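Biologist: Please take a close look at the last helix of the model shown below. I should like its two sides described, and then the remaining parts of the chain set around them.

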Amino acid sequence: MAAPVSTTYQPWIDEADLRLDDFCAQVLRNTDPGDYPLASDVRSNVLVYTTAAMDSADRRALQFELIRALADGPGG
């Protein structure tokens, strides 16, 4: 039997969790395309993935990159 997965992320954000300085730091940082080699482009710090690039990528590598981008990167 697989061990349960746990995360430190909360599904809901309370007002006490909102910190303007943290938000600004997240939004204003630059996305380095070298950190996301499977992305086709970076536009206004947003990762862009084309269907062709996603179809030709190694599935696990693509999953890893997307999870990392959403959890800690420009989508975090």
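Modeller: The account below begins with the whole chain, turns to the helix in question, and then passes to the other parts.

The model is predicted, so local features need pLDDT of at least 70 and side-chain atom pairs count only at pLDDT 80 or more, while totals for chains, interfaces and linings use all residues. Residues are numbered from 1 along each chain as its sequence is written, and side-chain values use heavy atoms, with hydrogens and water left out.

The protein chain contains 3 helices and 2 strands, arranged along the sequence as α-β-β-α-α. These elements are DSSP runs numbered from the N terminus (helices: H or I, at least four residues; strands: E, at least two). Of the 76 residues in the chain, 13% are buried; buried means under 20% relative accessible area, exposed over 50%, and partly exposed in between, with a 1.4 Å probe and protein chains only.

The helix you ask about is α3, which comprises residues 59–72, 14 residues in total. From first C-alpha to last, α3 reaches 20 Å, close to the 20 Å expected at 1.5 Å a residue; the expected span is 1.5 Å times one less than the number of residues. Its buried residues are L62, E65 and A69. They lie on the same side of α3 because they cover an arc of only 65° around the axis, the arc being that of the directions from the helix axis to the C-beta atoms. In general, an α-helix has 3.6 residues a turn, so residues three or four places apart point the same way.

What do the buried residues of α3 pack against? Their partners are strand β2 (46–48) and helix α2 (51–56), where contact means heavy atoms within 4.5 Å. The face of α3 turned away from its buried side carries the exposed residues R59, R60, F64, I67, L70 and D72.

Strand β2 leads back to the loop that joins β1 (41–43) to β2, where S44 is placed. S44 is not a glycine, yet it has a positive phi of about 50°; at 74% relative accessibility, it counts as exposed. N45 is in that loop between β1 and β2 as well, with a positive phi near 65° in a residue other than glycine. At 25% relative accessibility, N45 counts as partly exposed.

N45 is also one of the residues touched by T31, together with Y36, V42, L47 and P74, residues up to four places away in sequence not being counted. T31 lies in the loop between α1 and β1 and is buried, at 13% relative accessibility.

The structure holds 2 salt bridges, each a side-chain nitrogen of Lys or Arg within 4 Å of a carboxyl oxygen of Asp or Glu. In one, D41 pairs with R43, with the closest N and O atoms 3.0 Å apart. D41 is partly exposed at 32% relative accessible area, whereas R43 is exposed at 51%. The other salt bridge joins the side chains of R19 and D22 at 2.6 Å, N to O; D22 is partly exposed, at 43%.

Lastly, helix α1 (residues 20–28) includes L28, which is exposed at a relative accessible area of 67%. Across the chain, residues at least 24 apart account for 41% of the contacts between residues at least 6 apart in sequence.
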